[in-house]
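This briefing introduces a protein structure to a reader who has not met it before. Please look over the sequence and the model below before reading on.

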Amino acid sequence: MTITRIARLPAGSDFRPLFERSAIETGFLLTVEDRLGIERLLRHRGTGHAPNPPLLNGLLRHKLRISRGATEPAPPELVVSGCHVTYMISDEGARSGTLSMSPVPVPGHVLVASLLGATLIGMRKLQKVPLLRDDGQIGTVVVLDVSPSPNHDAA
């Protein structure tokens, strides 16, 4: 089959801003630093401490594919590595921690090299998304608050 007529939009009708707006409001945004951090975790097998590394690697690759670039500097409501994030998982109560690119567990940190951290990175305050759990169940996570890490307040 050969396409002989190419449809064109009428002059002056540009629908791109409508689609870009909805993608930004509903999708994920990654800073350049976070994108590089995720790529580094994948390249150096930084997900090896996770219960299911192949599943986590797939989630991180998917996050890289579907995420848009964040404006620099990152908006204050965006979950980025190094920020302190408060979240709630499927009505379990609020929890918080510092989002970290570390490949090994650190007390008080939520690792991007975990299903929870891989889901949280790139989310915005009050955004709610499905969360794949280590046991295969699917829950929901919502970001309640985002703030600079207590270690970065002095800077």
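The points that follow cover the overall architecture, selected loop residues and the pockets.

The structure is a predicted model of a protein chain. The protein chain has 155 residues, and it contains four helices and seven strands. Its largest pocket encloses about 360 Å³ of space, and the second largest pocket about 270 Å³.

**Overall architecture**

- From start to end of the sequence, the helices and strands of the protein chain occur in the pattern α-β-α-α-β-β-β-β-α-β-β.
- Of the residues in the protein chain, 36% count as buried.
- The protein chain has an accessible surface of about 9800 Å², and carbon and sulfur atoms account for 57% of that surface.
- When contacts between residues at least 6 apart in sequence are considered, 56% of them join residues at least 24 apart.

**The loop between strand 2 and strand 3**

- Strand 2 spans residues 68-69 and strand 3 spans residues 83-89, with serine 81 in the loop between them.
- Proline 73 is found in the loop between strand 2 and strand 3 as well.
- The peptide bond that leads from glutamate 72 into proline 73 is cis, and its omega is near -5 degrees.
- The side chain of serine 81 forms a polar contact with the side chain of aspartate 34, at 2.6 Å.
- Leaving aside residues up to four places away in sequence, serine 81 touches Glu33, Asp34, Leu99, Met101 and Ile121.

**Residues with positive phi**

- Arginine 45 has a phi near 55 degrees, a positive value in a residue other than glycine.
- Arginine 45 sits in the loop that runs between helix 2 (32-43) and helix 3 (53-66).
- With a relative accessible area of 73%, arginine 45 counts as exposed, because the cut-off for that class is over 50%.
- Leucine 126 has a phi near 75 degrees, which is again a positive value in a residue other than glycine.
- The loop between helix 4 (115-120) and strand 6 (128-132) holds leucine 126.
- Leucine 126 has a relative accessible area of 62%, so this residue is also exposed by the cut-off of over 50%.

**The largest pocket**

- The lining of the largest pocket consists of 17 residues, and those nearest its centre are Ala74, Val80, Ser81, Gly82 and Cys83.
- Serine 81, described above for its polar contact with aspartate 34, is thus named among the residues nearest the centre of this pocket.
- At least two lining residues of the largest pocket come from helix 2, and at least two from strand 7 (138-148).
- Strand 7 makes the greatest contribution to the lining of the largest pocket, with three residues.
- By class, the lining of the largest pocket comprises eight nonpolar, six polar and three charged residues.

**The second largest pocket**

- The second largest pocket holds about 270 Å³ of space.
- This second largest pocket is lined by 20 residues, and Pro51, Ser114, Leu115, Leu116 and Asp134 are the closest to its centre.
- Two or more residues of the lining of the second largest pocket come from each of strand 3, strand 5 (109-111), helix 4 and strand 6.
- Strand 5 gives the most to the lining of the second largest pocket, supplying three residues.
- The lining of the second largest pocket is made up of 13 nonpolar, three polar and four charged residues.

Methods
Residues numbered from 1 in each chain as written. Predicted model: local features only at pLDDT ≥ 70, side-chain atom pairs only at ≥ 80, totals over all residues. Heavy atoms only, no water. Buried < 20%, exposed > 50% of the residue type's maximum accessible area, 1.4 Å probe, protein only. Contact = heavy atoms within 4.5 Å. Areas by Shrake-Rupley, 256 points an atom, 1.4 Å probe, with all protein chains shown as cover. Polar contact = N/O pair within 3.5 Å; in protein donor to acceptor, adjacent residues only side chain to side chain. 1 Å grid on protein atoms, 1.4 Å probe; cavity = no way out; pocket = protein on both sides within 12 Å on 5 of 7 lines; lining within 4 Å. Points joined across faces, edges and corners; volume = space filled by probe spheres on them. Nonpolar A, V, L, I, M, F, W, Y, C, P; charged D, E, K, R; others polar.
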